[in-house]
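Work through the following exercises with the sequence and the model at hand. Each task is followed by a solution in steps.

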Amino acid sequence: MPEANFNKELNLPSGSSLYLRLKKVGDKVKFRIAKTPYYETNHWLDNRNKVLCERYNSDDNKTPCKLCDDYAVAVEMKDEAMIRQLKPTTNFLYPILDFADGKGKVFQFTAKSIH
């Protein structure tokens with residue numbers, strides 16, 4: 001079995017991403033929605049670790065979420081670093097058929113106005 005050392009160039013098959021994102025202003029995508037979209041709201045603990053928000057991922061917006069409470073405290077204290085880290089962010093995930101290549105993909109975005 002080959003080792004996957006961090007300093008070694010690995011010989012791996014290339015794959016295409018199932019996720020489609022708009023990268024810059026003016027990017028366009030033409031698609032058909034294939035299934036009911038999903039969303040998830042997360043709190044980032046650091047640059048790599050996220051936790052699902054208990055309040056915004058439930059149907060009841062009164063569900064307690066310690067990280068939302070910590071975010072509210074950070075806003076009161078005007079702690080910009082903590083606000084940026086704990087602010088709940090929502091990702092929308094739309095299963096689509098991309099007309100550009102005829103393949104099924106997941107259109108992922110954070111702009112609530114697009115939804």
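A polar contact is a pair of N or O atoms within 3.5 Å; within protein, one atom must be able to donate a hydrogen and the other to accept it, and residues adjacent in sequence count only if both atoms are side-chain atoms. The structure is a predicted model.

**Exercise 1. Determine which side chains make polar contacts with the side chain of K105, and whether K105 is buried or exposed.**

Step 1. Locate the residue: K105 belongs to strand 6.

Step 2. Apply the polar-contact cut-off. The side chains of K105 and D98 are joined by a polar contact of 3.0 Å. A second polar contact, of 2.9 Å, runs from the K105 side chain to that of D101.

Step 3. Test for charge pairing. D101 and K105 also meet in a salt bridge, with an N to O distance of 2.9 Å. Salt bridges with shared partners join D98, D101 and K105 into one network.

Step 4. Assess accessibility. Buried means under 20% relative accessible area. K105 has a relative accessible area of 16%, so K105 is buried. D101, at 38% relative accessibility, is partly exposed.

Step 5. List the surroundings. Leaving aside neighbours within four places in sequence, K105 is in contact with L18, L20, Y94, P95, I96 and D98.

**Exercise 2. Identify the strands that pair with strand 3, and give the direction of each pairing.**

Step 1. Take strand 5. Strand 3 (residues 38–44) and strand 5 (residues 89–98) run antiparallel and are joined by five bridges. Within strand 5, F92 is the residue opposite Y39.

Step 2. Take strand 4. Three bridges pair strand 3 with strand 4 (residues 50–52), again in the antiparallel sense. H43 has V51 in strand 4 as its bridge partner.

Step 3. Examine the connection. Strands 3 and 4 form a hairpin, with five residues between them.

**Exercise 3. Find the residues of the largest nonpolar core and the strand that supplies the largest share.**

Step 1. List the members. The largest nonpolar core has six residues, namely L20, F92, Y94, I96, F107 and F109.

Step 2. Assign them to strands. Strand 5 and strand 6 (103–109) each supply at least two residues of this core. The largest share, three residues, comes from strand 5.

Step 3. Follow one member. Not counting residues up to four places away in sequence, F92 touches Y38, Y39, F107, Q108, F109, T110, A111, K112 and H115.

Step 4. Look for a separate cluster. Apart from this core lies another, of five residues, among them C53, C65, C68 and L86.

**Exercise 4. Compare the salt bridges R55–D69 and D70–K66 by location and by accessibility.**

Step 1. Set the context: the whole structure has six salt bridges.

Step 2. Take the pair that links distant parts of the chain. R55 and D69 meet through their side chains in a salt bridge of 3.4 Å, N to O. R55 is in the loop between strand 4 and helix 1 (66–77), whereas D69 is in helix 1, 14 residues apart from R55.

Step 3. Take the pair within the helix. D70 forms a salt bridge with K66, with the closest N and O atoms 2.9 Å apart. Both residues lie in helix 1, four residues apart, about one turn of the helix.

Step 4. Classify the partners. R55 counts as buried because its relative accessibility is 19%, and D69 counts as partly exposed at 40%. D70, at 28%, is partly exposed, whereas K66 is exposed, with a relative accessible area of 59%.

Definitions and conventions. Residues are numbered from 1 along each chain as its sequence is written. This is a predicted model: local features need pLDDT of at least 70, side-chain atom pairs count only at pLDDT 80 or more; totals for chains, interfaces and linings use all residues. Side-chain values use heavy atoms; hydrogens and water are left out. Two strands pair if DSSP finds at least two bridges between them. A nonpolar core is a set of buried Ala, Val, Leu, Ile, Met, Phe, Trp, Tyr and Cys residues joined through side-chain atoms within 4.5 Å. Buried means under 20% relative accessible area, exposed over 50%, partly exposed in between (1.4 Å probe, protein chains only). Contact means heavy atoms within 4.5 Å. A salt bridge is a side-chain nitrogen of Lys or Arg within 4 Å of a carboxyl oxygen of Asp or Glu.
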